[in-house]
There are 2 protein chains.
Amino acid sequence: MHTEADWAAQLHSHDRRVTKQRLAVLAAVGQLPHATAEAVTDAARATLQALTLQSVYVVLADLTALGMLRRIEPPNSPARYETRTGDNHHHAICTSCGKIEDVDCAVGHAPCLTPSSTTMTIKIADVLYQGICSDCGP
Amino acid sequence: MHTEADWAAQLHSHDRRVTKQRLAVLAAVGQLPHATAEAVTDAARATLQALTLQSVYVVLADLTALGMLRRIEPPNSPARYETRTGDNHHHAICTSCGKIEDVDCAVGHAPCLTPSSTTMTIKIADVLYQGICSDCGP
DNA sequence: CCCTTATTGTGAATTACTCAGAATAGGTGG
DNA sequence: CCACCTATTCTGAGTAATTCACAATAAGGG
């Protein structure tokens, strides 16, 4: 897990000030993985009542750019955020109820990093699984 | 390739009427793979001047639901459409210029269809590669 | 050819997000 | 400890992509 001091240290190392808002957003994303900007705002307001959605958007975008958060964009859904970064894990989405689960890499470390035919130099391979979760399906 | 008669037959088999608009949209997506709704509209207007963006959205959504088109949603970009469906291929996006390339499955037929740990029944695995294309990078 | 109803067009609304500028508050140097 | 500088947040408005409601049009079966 990440402690508040942990987050503060990471913010410092990126030349960012340690603000109530950033800590509240980080804590909220930590306890609600895959939450939308709006859900993060609601959760963060439990400890910081005066917090605007716009600031949450700014904070989420900045922390994502720093690599402290990861942003996922499921189809037909607003963007979602999580604190689990840097481990090349993927996501499974239930097409019925929309639930999102983390999924570790399928084959070894980086299964799909070697596409068969492309002229591009690949940096990232994001895998999005879609299916039916145990609550919804047979 | 797909001929106009081909598309018409597919529309019929889905109990859809064969309209100028649908044929124009299908032709446009066929000749401009990975085009946005707006680009599709512009291209389709070459042969059907009176065509509204809203109708294109409706047609694209319906044809995607039928499986005649595939919709891809790159990060930081509007949705894009293609006529190549049902072959489990993936996409590589250049993070510099935004160019999109088709990529065949990496390992055999369905590399990532067997995630290591999940309670979901997986139906689809979409892989999104991000990198630098030969025009932009070293 | 006519009629029924799917489809399209018209115009406005919604969602998710971004931007400009003023107010606030970290954190550093005195 | 205090003041100041500037990053950060707030206020309020703006934008892009997409969807919706309802009227107008046109496919295609009878």
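**Exercises on strand β4(B) and DNA strand D**

In this predicted model, 5 of the 5 residues of strand β4 (residues 90–94) of chain B are buried, so the strand is largely enclosed by the rest of the structure.

**Exercise 1.** Determine which way the residues of β4(B) point, and which strands pair with β4(B).

*Solution.*
1. Sort the side chains by direction: H90(B), A92(B) and C94(B) point one way, H91(B) and I93(B) the other way. Both sets are buried, which here means under 20% relative accessible area.
2. Take strand β5 (residues 100–103) of chain B: it pairs with β4(B) in the antiparallel sense over 4 bridges. In this pairing I93(B) stands opposite I100(B).
3. Examine the hairpin of β4(B) and β5(B): 5 residues lie between the strands, and G98(B) has a positive phi near 85°.
4. Take strand β6 (residues 121–132) of chain B: it runs parallel to β4(B), joined by 4 bridges. Here C94(B) stands opposite G131(B).

**Exercise 2.** Describe the protein surface near DNA strand D, and find polar side-chain atoms placed by its phosphate oxygens.

*Solution.*
1. Count the surrounding residues: there are 20, the closest being T19(A), R22(A), S55(A), V18(B) and Y57(B). By class, 7 are nonpolar, 7 polar and 6 charged.
2. Split the DNA atoms within 4 Å of the protein: 71% belong to sugar or phosphate, the rest to bases.
3. List distances from a side-chain N or O atom to a phosphate oxygen of DNA strand D: 2.3 Å for S55(A), 2.8 Å for R22(A) and 3.3 Å for K20(B).
4. Assign elements: α2 (20–31) and α4 (53–66) of chain A and α4 (53–66) of chain B each give two or more residues to this surface. The largest share, 3 residues, comes from α4(A).

Technical notes
Residues are numbered from 1 along each chain as its sequence is written. Chains are lettered from A and ligands numbered from 1 in the order in which they are written. This is a predicted model: local features need pLDDT of at least 70, side-chain atom pairs count only at pLDDT 80 or more; totals for chains, interfaces and linings use all residues. Side-chain values use heavy atoms; hydrogens and water are left out. A residue is near a molecule or strand if one of its heavy atoms lies within 4 Å of it. A polar contact is a pair of N or O atoms within 3.5 Å; within protein, one must be able to donate a hydrogen and the other to accept it, and residues adjacent in sequence count only if both atoms are side-chain atoms. Ala, Val, Leu, Ile, Met, Phe, Trp, Tyr, Cys and Pro count as nonpolar, Asp, Glu, Lys and Arg as charged, and the others, Gly among them, as polar. Buried means under 20% relative accessible area, exposed over 50%, partly exposed in between (1.4 Å probe, protein chains only). Two strands pair if DSSP finds at least two bridges between them.
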